[in-house]
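Student: Could we go through this one together, starting with the empty space inside it and then moving on to whatever else stands out?

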Amino acid sequence: METLIDIRKVSKTYITGSFKVEALKEVSLNIKAGEMISLVGPSGSGKSTLMHILGFLDRPDAGEYYFAGHPTTSLGEGRLAAIRSRMVGFIFQSFHLLKRTTAKDNVLLPMVYSGLGADSQKALECLRLVGLSDRVKHRSNELSGGQCQRVAIARALVNDPLILLADEPTGNLDAKSRQEVMKVIKDLNNRGLTVVIVTHDEEVSAQ
Ligand code: ADP
Ligand code: MG
């Protein structure tokens with residue numbers, strides 16, 4: 001399998017007033033296209049910081065990051081934003097959906113933001129992939145937690161990312177919804193999508 005992500009000795013230090021936190025210290029990690037891996041560790045160990053760097057939401061202070069073979073640490077903001085919006089899908093513990101907006105319109109948003117234009121068919125296809133064809137017109141405040149996370153997954157898929165980064169995606173869900181969401185994520189991985197999941201849930205990491 002081809003290497004998709006190759007980070008070498010990446011460090012990140014946060015300075016807040018007189019406090020200095022070394023969130024990441026010379027972390028190296030290699031992820032191959034098509035893999036599904038989990039990141040586990042205690043709270044505060046730098047998992048979200050690493051996800052933000054992997055997804056180009058933040059930059060390392062030191063080290064190298066090659067994405068699909070391309071060195072990215074020297075790229076300007078514009079190029080990074082383009083890679084982020086076209087190549088990376090994110091989901092979070094809190095779903096970050098617009099509340100009084102339909103599932104379909106939530107899914108369309110990344111297309112609109114990245115300038116690709118709203119392709120309704122594509123949004124419907126992504127909602128079908130997460131098993132929500134029957135909830136297209138429901139607003140997010142009319143959906144269960146598990147359904148909201150699946151809308152968020154559909155939204156993450158709409159620009160055809162190379163990788164899905166999931167930061168504690170099941171953290172706010174009950175047992176049944178956790179299983180539904182994990183099934184969707186595993187199905188996507190079986191179709192070839194590379195997946196990184198941060199989790200506290202041993203059941204999730206075991207999968
Ligand atoms: P995790 O996701 O594993 O719980 P984080 O990556 O969120 O850990 O945080 C790692 C460490 O960095 C923590 O000690 C946290 O307090 C600190 N930290 C995270 N983000 C910031 C920030 N934006 N500013 C300052 N400190 C931060
Ligand atoms: Mg975190």
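**Cavity, pockets, sheet and backbone**

Tutor: The largest cavity holds about 30 Å³ of space, and please keep in mind that we are looking at a predicted model.

Student: How many cavities of 30 Å³ or more does a search of the whole structure find?

Tutor: The search finds 1 cavity of that volume or more.

Student: Which residues line the largest cavity?

Tutor: The lining is made of Arg-178, Gln-179, Met-182, Asp-201, Glu-203, Val-204 and Gln-207. Two elements, helix H6 (175-190) and helix H7 (202-206), give two or more residues each to this lining, and H6 gives the most, with 3 residues. By class, the lining of the largest cavity splits into 2 nonpolar, 2 polar and 3 charged residues.

Student: Switching to the open sites, what volume does the largest pocket have?

Tutor: Its volume is about 450 Å³. The largest pocket is lined by 18 residues, and those closest to its centre are Val-88, Phe-90, Pro-110, Tyr-113 and Arg-155.

Student: And which elements each supply at least two residues of that lining?

Tutor: Helix H2 (77-87), strand E6 (88-92), helix H3 (103-113) and helix H5 (145-157) each do so for the largest pocket. Taken by class, the lining of the largest pocket has 11 nonpolar residues, together with 4 polar and 3 charged ones.

Student: What about the second largest pocket, which residues line it?

Tutor: The second largest pocket has a volume of about 200 Å³, and its lining consists of Lys-122, Glu-125, Cys-126, Leu-129, Leu-157, Asp-160, Pro-161, Leu-188, Arg-191, Gly-192 and Leu-193. Helix H4 (residues 120-129) gives the most to that lining, with 4 residues, and by class the lining of the second largest pocket divides into 6 nonpolar, 1 polar and 4 charged residues.

Student: New topic, the sheet: in what order do the 4 strands run?

Tutor: The order is E2-E1-E4-E5, in an open sheet with antiparallel pairing. Strand E2 (19-32) and strand E5 (70-71) are the edge strands, each pairing on one side only.

Student: Over how many bridges do E4 and E5 pair?

Tutor: E4 and E5 pair over 2 bridges, in the antiparallel sense, and for Phe-67 the bridge partner in E5 is His-70. Helix H1 (47-54) packs on the sheet, where H1 touches strand E1 (3-16), E2 and E4, and the direction of H1 makes about 125° with that of E1.

Student: I also want to check the backbone, so what is phi near for Phe-56?

Tutor: For Phe-56, phi is near 65°, which is a positive value in a residue other than glycine. As background, most residues other than glycine have a negative phi. Phe-56 sits in the loop between H1 and strand E4 (62-67).

Student: Is Phe-56 buried or exposed, and why?

Tutor: Phe-56 counts as buried because its relative accessibility is 4%, and the cut-off for buried is under 20%.

Student: Then there is His-96, where does that one lie?

Tutor: His-96 is in the loop between E6 and H3, and this residue, also other than glycine, has a positive phi, near 55°.

Student: Is His-96 buried or exposed?

Tutor: His-96 counts as exposed, because its relative accessibility is 51% and exposed means over 50%. To put the two side by side, Phe-56 is a buried residue, whereas His-96 is an exposed one.

Methods:
Residues are numbered from 1 along each chain as its sequence is written. Chains are lettered from A and ligands numbered from 1 in the order in which they are written. This is a predicted model: local features need pLDDT of at least 70, side-chain atom pairs count only at pLDDT 80 or more; totals for chains, interfaces and linings use all residues. Side-chain values use heavy atoms; hydrogens and water are left out. Buried means under 20% relative accessible area, exposed over 50%, partly exposed in between (1.4 Å probe, protein chains only). On a 1 Å grid over the protein atoms alone, a cavity is a set of points where a 1.4 Å probe fits but cannot get out, and a pocket is an open set with protein on both sides within 12 Å along at least five of seven lines; lining residues have an atom within 4 Å of a point. Grid points are joined across faces, edges and corners, and a volume is the space filled by probe spheres set on the points. Ala, Val, Leu, Ile, Met, Phe, Trp, Tyr, Cys and Pro count as nonpolar, Asp, Glu, Lys and Arg as charged, and the others, Gly among them, as polar. Two strands pair if DSSP finds at least two bridges between them. Contact means heavy atoms within 4.5 Å. Axes are lines fitted to C-alpha atoms, for helices over the stretch in contact, and angles run from 0 to 180 degrees between N-to-C directions.
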